[in-house]
Amino acid sequence: MHQNKGKSIADCLADRTDYAKNPDKTNDGELLSSYECDPKTVQAEFMLSKRQYDDITGRKQASNVIAYQIRQSFKPGEITPELANKIGYELGTSFTKGNHAFIVATHIDKSHIHNHIIFNSTSLDCTKKFRDFLGSGRAIAKISDRICLENGLSIIENPKRSKGHYGKWLGDKKPLSHSDKLRQTIDEVLAKKPTTFDEFLQLMQGAGYEIKSGKHYAFKGAEQKKFIRLRSLGEGYSEDELKAIIEGKALQREVKKSSVKQPKRQEKSINLLVDIQAKLQQGKGKGYEQWAKIFNLKQMAQTVNFLQEHKLLAYADLEEKAKKCTATFDELNTQIKTAEKRMAEIQVLKKHIINYAKTRDVYTAYRKAGYSQKFFEEHRAELTLHKAAKAAFEELGVKKLPTVKTLQAEYADLLSEKKKAYGQYHAVKKEMQDILTAKANIDRLLGLEQEQKAKENSQEQR
């Protein structure tokens, strides 16, 4: 919320907070809550913090954000106003981390109960200001989804981003604008084949429109506050174009029964979020306590957030991802262990090659002495090392001794490969653990684990 041109910060804050606190929308103010401020004096308290911020920091922003607003809506008929306000308060506290004062106004004037959470851009200690960040909307959604799931409420199954205004976001469900209604009425009147422009105007009056003539024709319906000129309706609706259609000089447009497009029918697709929410809804009925003992709602909320974030809302995708992560982890684990085993062999081999080289002359002399016992006793240490080296070569299957330099080069390569694999190992292990945990939670909730066990028992009995 920025300061509007030509208005004071106090007036701008009052505009926003007064709308949120509207007693007609908040059950005479009963559905108001706040953190570190009083809803009755919230504008003054926000203003005081901003003056203190200026005095403490001396900083001035070119584009000053005076407050932020979060709007949080709930599925109609699913929540009480009191719980909605409590959830809004928890969302405000979690997102601001308790560093900014805020109010929560729960509106019940629409079919869907919704919250307006307005928090001060200035921190409680008046030394910092909140700065919006890339992905803040998604961060809010994750917190909101978690809290709602913990309370057994529905969340949006397939959220879509929109850069447009709220009316555009409504898309096909938004009500017709006055201009749309006027275009629709003109099309319907033209379909009646008026022979003159005057007859067209009479039919428009019969349809409930007041007409103003002059330099440009303008129309006003019963619900309109202002007249709408024909020329503002776009191509095909100017006075000259309408006269050309009436006189048969231009093609007659088809009557638009409705400017609201019917949504395309979508084929039913399996969505884990749908299954999860259906299961959570069952928990509200009989047997909820028993169900809650074997499952943790907070854990489920974290799992849903994880699935949404990683786009794993189809069970087949989750299962495939679990298999891939496990296979990747096993491959890295094998690669690391193989490298470590070979590196250990190289260390042993290097030691025995060095010992073999050092004691080779002694062993040659021992052989020339006819394997004399006296010579052996005099050179027991050297000959023992030599025999140990030969035994190690046989055990390792080494027929031609490599050079120490070659072994050192191989060891360096293996060490490099091991370090590279270890760089991926921990990340892959964490990903695998997260995926398997999420899958285990889903299996547990949806009963897939029991089905699989029953299937395996049936196969064993056969």
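This report walks through a few strands, one helix and a charged surface patch in a predicted model.

## A strand in the middle of things

Let's start with β4, the strand made of residues 114-120. Seven of its seven residues are buried, so β4 is largely enclosed by the rest of the structure.

In a regular strand, side chains take turns pointing to one face of the sheet and then the other. For β4, both faces turn out to be covered. On one side sit H114, H116, I118 and N120, and on the other N115, I117 and F119, all of them buried.

## The partners of β4

Which strands does β4 pair with? One is β2 (residues 67-73), which runs antiparallel to β4 and is joined to it over seven bridges. If you want a spot to look for in the model, try R71, which stands opposite H116 in β4.

Another partner is β3 (residues 102-107), again antiparallel, this time over six bridges. Here H107 stands opposite H114 in β4. β3 and β4 also make a hairpin, with six residues between the two strands.

## A small open sheet

Further along the chain there's an open sheet of three strands, in the order β5-β6-β7, with antiparallel pairing. Its edges are β5 (210-212) and β7 (228-229); each has a single partner strand, so one side of each is left without a neighbour in the sheet.

Zooming in on one pair, β5 and β6 (residues 218-220) are linked in the antiparallel sense over three bridges. To find one of these contacts, look for I211, whose bridge partner in β6 is F219.

## A hidden residue in a helix

Now for a helix: α4 covers residues 136-150, and I147 is part of it. Is I147 buried or exposed? With a relative accessible area of 0%, I147 is buried, because anything under 20% counts that way.

I147 also shows how the fold brings separate parts of the chain together in space: L91 is 56 residues away in sequence, yet the C-alpha atoms of the two are 7.5 Å apart.

## Negative charge on the surface

Over on the surface, you'll find a patch of negative charge where D24, D28, E30 and E82 gather.

Take D24 as an example from that patch. D24 lies in the loop between α1 (9-21) and β1 (32-35). Why does D24 count as exposed? Its relative accessibility is 67%, and the cut-off for exposed is over 50%, so D24 qualifies.

Note on methods. Residues are numbered from 1 along each chain as its sequence is written. This is a predicted model: local features need pLDDT of at least 70, side-chain atom pairs count only at pLDDT 80 or more; totals for chains, interfaces and linings use all residues. Side-chain values use heavy atoms; hydrogens and water are left out. Patches are made of residues with over 30% relative accessible area and no salt bridge: like charges are joined within 9 Å, nonpolar side chains (Val, Leu, Ile, Met, Phe, Trp, Tyr) within 5 Å. Accessible areas come from the Shrake-Rupley method with a 1.4 Å probe; for residues, only the protein chains shown count as cover. A salt bridge is a side-chain nitrogen of Lys or Arg within 4 Å of a carboxyl oxygen of Asp or Glu. Lys and Arg count as positive and Asp and Glu as negative; His and the chain ends are not counted. The place of a charge is taken as NZ of Lys, CZ of Arg, CG of Asp or CD of Glu. Helices (H or I, at least four residues) and strands (E, at least two) are DSSP runs, numbered from the N terminus. Buried means under 20% relative accessible area, exposed over 50%, partly exposed in between (1.4 Å probe, protein chains only). Two strands pair if DSSP finds at least two bridges between them.
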